[in-house]
Amino acid sequence: MKLDLFLDDTRQQLEQALKASFNSTAFPPLQKAIHYSLLDGGKRLRPALVRTAAQSAGELNDKWLIPAQALEMIHVYSLIHDDLPAMDNDDLRRGRPTNHKRFDEATAILAGDALQTEAFGLIARDSNLTDSQVRAMIIQLSDASGAKGMVAGQMLDLDSEQKALNVDQLAHLHSLKTGALIKASLRLGALCNPTVNDDLLTQLDIYGTAIGLAFQITDDILDVTSTTEVLGKPQGSDIAAQKSTYVSLLGLERAKQKAKEQTDLATQALRSLDMNTDSLLWQLADYVLKRNH
Ligand code: GRG
């Protein structure tokens, strides 16, 4: 299947499901603030990874849809909180005012909190999964998004502003901040099959680590080569915050080369699973490298 069609179909199914979320929110203005960020576009990369990994594990039904929503909810919560004045203090996200600009800071914090807790509730209530699948998915998602993963990466990121990091330190930071959730997307997808084999999980981990890094290097490259209009968020913000990036440490050309090397590592893992350039995971690795926003 062509990646464009797959991404469109994934977005459609995901967004239809997300529109129905938070319907029984006890205070309706909260639902409005949550939906403002949850339904405003975005590439929906993590849900696409969940779905592709589920398919690779032999699950061709719609079991991917609930874990995919959970991943997107955690991702959107992280973006809302990341934009807050106490963190990156950004006014623009996905081409629109950030949640705290559109509403206010307290609402943005609470919208993020609600998204995070709902992600775990959704999986816990998923009647398509066995109890042991639910448990495994919740552990993976908790480890990837909390103090062992994304939250730790975010703290490292805040701590390293105006500090000179080396390339290894930068890779460690990003493996936590961005990579952990990308890997979890693949893991949760594969866990849709209750008898998934260990080799698939191992190779997907290698693939996820590599595309996670390629994703971040590309993010650093786009921060200097793209425009605010195309990115939907302020271009040049890394430089303004005096952050170490792959471009600041390696220069543009070597950063591009490093992103390509990571993509090659990812596709090597796919080759060992007998997947080729036609497979969706291969096309997704290419998409991560060549994306323009
Ligand atoms: C606040 C706990 C907490 C964590 C925030 C992920 C993160 C940690 C912050 C996001 C900051 C950022 C811009 C990181 C660069 C990589 C990244 C995650 C970009 C945004 O993800 P995309 O490109 O976004 O998948 P869309 O809008 O397409 O969903």
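Student: Which element gives the largest share of the shell around the ligand?

Tutor: Helix α4 does, with 6 residues. This is a predicted model, in which local features need pLDDT of at least 70, side-chain atom pairs count only at pLDDT 80 or more, and totals for chains, interfaces and linings use all residues. Residues are numbered from 1 along each chain as its sequence is written, and side-chain values use heavy atoms, with hydrogens and water left out.

Student: What makes the pair formed by R94 and the ligand a polar contact?

Tutor: A polar contact is a pair of N or O atoms within 3.5 Å; within protein, one must be able to donate a hydrogen and the other to accept it, and residues adjacent in sequence count only if both atoms are side-chain atoms. A polar side-chain atom of R94 lies 2.7 Å from an oxygen atom of the ligand, so the pair is a polar contact. For R46 the distance from a polar side-chain atom to a ligand oxygen is 2.8 Å, and for H75 it is 2.8 Å.

Student: How much of the ligand's accessible area does the protein cover?

Tutor: The protein covers 93% of the 700 Å² that the ligand has on its own (Shrake-Rupley method, 1.4 Å probe).

Student: Why is D220 said to have no salt bridge?

Tutor: A salt bridge needs a side-chain nitrogen of Lys or Arg within 4 Å of a carboxyl oxygen of Asp or Glu. The nearest side chain of opposite charge, K177, is 7.7 Å from D220, and therefore D220 has no salt bridge.

Student: Which backbone nitrogen lies 2.9 Å from a polar atom of the D220 side chain?

Tutor: That nitrogen belongs to Y246.

Methods. Buried means under 20% relative accessible area, exposed over 50%, partly exposed in between (1.4 Å probe, protein chains only). Lys and Arg count as positive and Asp and Glu as negative; His and the chain ends are not counted. Helices (H or I, at least four residues) and strands (E, at least two) are DSSP runs, numbered from the N terminus.
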